[in-house]
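The following exercises are to be worked with the sequence and the coordinates at hand. Each task is followed by a solution in steps.

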Amino acid sequence: MTPEVYLPVYRDGLLRDVVPFWIDHSVDRENGGFIFNLNRDGSVISTDKSVWIHGRFVWLLSTLYSRVEAREEWLALARHGLDFLEKYAFDTDGRMFFSLTREGKPLRKRRYVFSEFFAIAAYAAYGKAAGDAAAVQKAIDLFHFTMNQLETPGLLPPKGIPGTRDSKGLSVPMITLVTAQILREVCREDWIEKRINQVIDELEKDFLNEEFQAVMEVVGPNGEFLDNLDGRLLNPGHAIEAAWFVLHEAKFKNKDPRLLKLGLKMLDWSWNWGWDREYGGIIYFRDCKHLPPTEYWHDMKFWWPQCEAIIANLLAWQLTGDQKYAHQHRMIHDWTYGRFPDHEYGEWMGYLHRDGRLSTPVKGNMWKGPFHIPRMQLYCWKLLEEIKG
């Protein structure tokens with residue numbers, strides 16, 4: 001591993017390419033907030049606004065201000081996004097919408113609480129950057145509100161018919177974990193540590209399946225294996241993302257042996273399921289019994305799993321010194337950077353076929369925005385600075 005080779009790739013890609021692309025093309029000066037539905041060249045293809053990506057971008061801009069440089073433009077744009085969220089994104093019941101019109105009128109409200117989780121991250125990061133105690137308190141209050149929504153039966157509409165085939169997904173504990181880690185940066189109270197430990201315990205007990213050597217995406221309420229299409233489906237990129245959240249916690253706790261072992265196991269299993277040995281890259285879905293996945297995009301290569309695998313392997317190498325992870329980092333870095341970055345218009349493509357051919361040139365939509373790529377670039381840049389010393 002040679003930090004001098006990779007460090008400028010991540011740093012310069014973040015500061016000279018990805019962040020400027022979104023600042024240049026997404027800021028809605030007329031109506032507030034941001035427009036993320038962009039064509040390859042940054043032109044707008046739809047003015048509908050994704051609420052959860054607003055939270056992500058506010059988190060990113062605020063974090064850049066805190067960790068990279070106190071640029072007033074970044075902080076002002078973070079406030080610009082937060083103002084739009086506060087004005088339009090909250091329903092009368094305290095929950096948040098999923099999508100809005102350009103002017104801020106509600107379009108869609110989902111049963112999931114990801115808009116809320118990313119708003120928590122936004123408030124916490126902005127509060128840290130701006131020294132805004134009120135924003136920090138809003139993050140704390142919204143976290144408690146969201147956890148109450150999740151944990152009180154009947155507050156959120158059920159996904160299926162209760163009692164027929166009850167289940168739970170990996171997404172909730174993993175986003176709870178990373179959100180609590182972000183919140184801990186501005187609030188060092190015991191309940192945050194307890195929540196983090198509780199979620200990690202749940203991941204280890206319920207979602208790691210020794211029989212299939214896999215991190216399951218959907219399990220029964222107590223971790224039971226569900227032998228159906230949902231229960232057998234693996235999302236290696238999602239599991240790799242969860243793995244590095246655990247590894248990050250291990251690092252925070254002075255290389256805690258139990259957390260380090262757990263995070264490495266999650267990464268090893270998920271890499272084995274996810275790495276495409278024929279074409280390279282992290283594939284989207286697998287079936288844990290090697291049956292055919294039914295999702296039509298199961299063999300595609302999306303941008304975000306590659307980003308999570310880059311982070312996870314670099315972090316694993318830093319924590320262990322094991323050259324296996326340095327090698328895997330080089331594999332996924334080279335494959336990803338050889339295909340996704342758009343050297344003509346900037347930023348990255350998001351959706352490739354299994355063999356690496358471009359599927360669509362869209363740069364942003366209701367799911368892809370300024371988050372996974374710049375988070376990876378920032379995290380890896382700072383890791384390599386630590387490694388370089």
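The model is a predicted one.

**Exercise 1. Overall dimensions**

Determine how many helices and strands the protein has, and judge its compactness from the radius of gyration.

Solution. Step 1: the count gives 13 helices and 12 strands. Step 2: the radius of gyration is 20 Å, and the globule rule gives 21 Å for 389 residues. Step 3: these two values are close, so the protein is as compact as a globular protein of that length. Step 4: along the principal axes, the C-alpha atoms fill a box of roughly 55 × 50 × 40 Å. Step 5: of the 389 residues, 57% are buried.

**Exercise 2. Two open sheets**

Establish the strand order of the sheet that contains strands 10, 11 and 12, and identify its edges.

Solution. Step 1: the 3 strands follow the order 10-11-12 in an open sheet with antiparallel pairing. Step 2: strand 10 (301–302) and strand 12 (358–360) each have a single partner strand, so one side of each lacks a neighbour in the sheet. Step 3: between strand 10 and strand 11 (residues 351–352) there are 2 bridges, in the antiparallel sense. Step 4: Phe-302 has Tyr-351 of strand 11 as its bridge partner.

Repeat the analysis for the sheet with the order 1-2-3.

Solution. Step 1: this is an open sheet of 3 strands, paired antiparallel. Step 2: strand 1 (49–50) and strand 3 (106–108) are the edge strands, each pairing on one side only. Step 3: strand 2 (residues 99–100) runs antiparallel to strand 3 and is joined to it by 2 bridges. Step 4: the bridge partner of Ser-99 in strand 3 is Arg-108.

**Exercise 3. The largest cavity**

Describe the volume of the largest cavity and the composition of its lining.

Solution. Step 1: the search of the whole structure yields 3 cavities of 30 Å³ or more. Step 2: the largest cavity has a volume of about 50 Å³. Step 3: its lining consists of Trp-52, Met-96, Phe-98, Arg-110, Tyr-112, Val-113, Phe-114, Ser-115 and Glu-116. Step 4: by class, the lining holds 6 nonpolar, 1 polar and 2 charged residues. Step 5: helix 4 (residues 114–130) supplies the largest share of this lining, 3 residues.

**Exercise 4. Positive phi outside glycine**

Locate Lys-255 and Glu-347, and decide whether each is buried, partly exposed or exposed.

Solution. Step 1: Lys-255 is not a glycine, yet its phi is positive, at about 55°. Step 2: Lys-255 belongs to the loop between helix 9 (236–252) and helix 10 (257–274). Step 3: its relative accessibility is 43%, so Lys-255 counts as partly exposed. Step 4: Glu-347 also has a positive phi, near 60°. Step 5: Glu-347 is in the loop between helix 12 (323–337) and strand 11. Step 6: with a relative accessible area of 0%, Glu-347 is buried.

**Exercise 5. Helix 13**

Test whether the span of helix 13 agrees with its length, and characterise its burial.

Solution. Step 1: helix 13 (residues 372–388) has 17 residues, which at 1.5 Å a residue should span 24 Å. Step 2: the end C-alpha atoms of helix 13 are 24 Å apart, in agreement with the expected span. Step 3: 13 of the 17 residues are buried, so helix 13 is mostly covered. Step 4: Gly-389, just after helix 13, adopts a positive phi of about 80°.

How values were computed:
Residues numbered from 1 in each chain as written. Predicted model: local features only at pLDDT ≥ 70, side-chain atom pairs only at ≥ 80, totals over all residues. Heavy atoms only, no water. 1 Å grid on protein atoms, 1.4 Å probe; cavity = no way out; pocket = protein on both sides within 12 Å on 5 of 7 lines; lining within 4 Å. Points joined across faces, edges and corners; volume = space filled by probe spheres on them. Helix = DSSP H or I, 4+ residues; strand = E, 2+ residues; numbered from the N terminus. Nonpolar A, V, L, I, M, F, W, Y, C, P; charged D, E, K, R; others polar. Pairing = 2+ DSSP bridges. Buried < 20%, exposed > 50% of the residue type's maximum accessible area, 1.4 Å probe, protein only. Expected span 1.5 Å × (residues − 1). Rg over C-alpha atoms; globule rule 2.2 N^0.38 Å.
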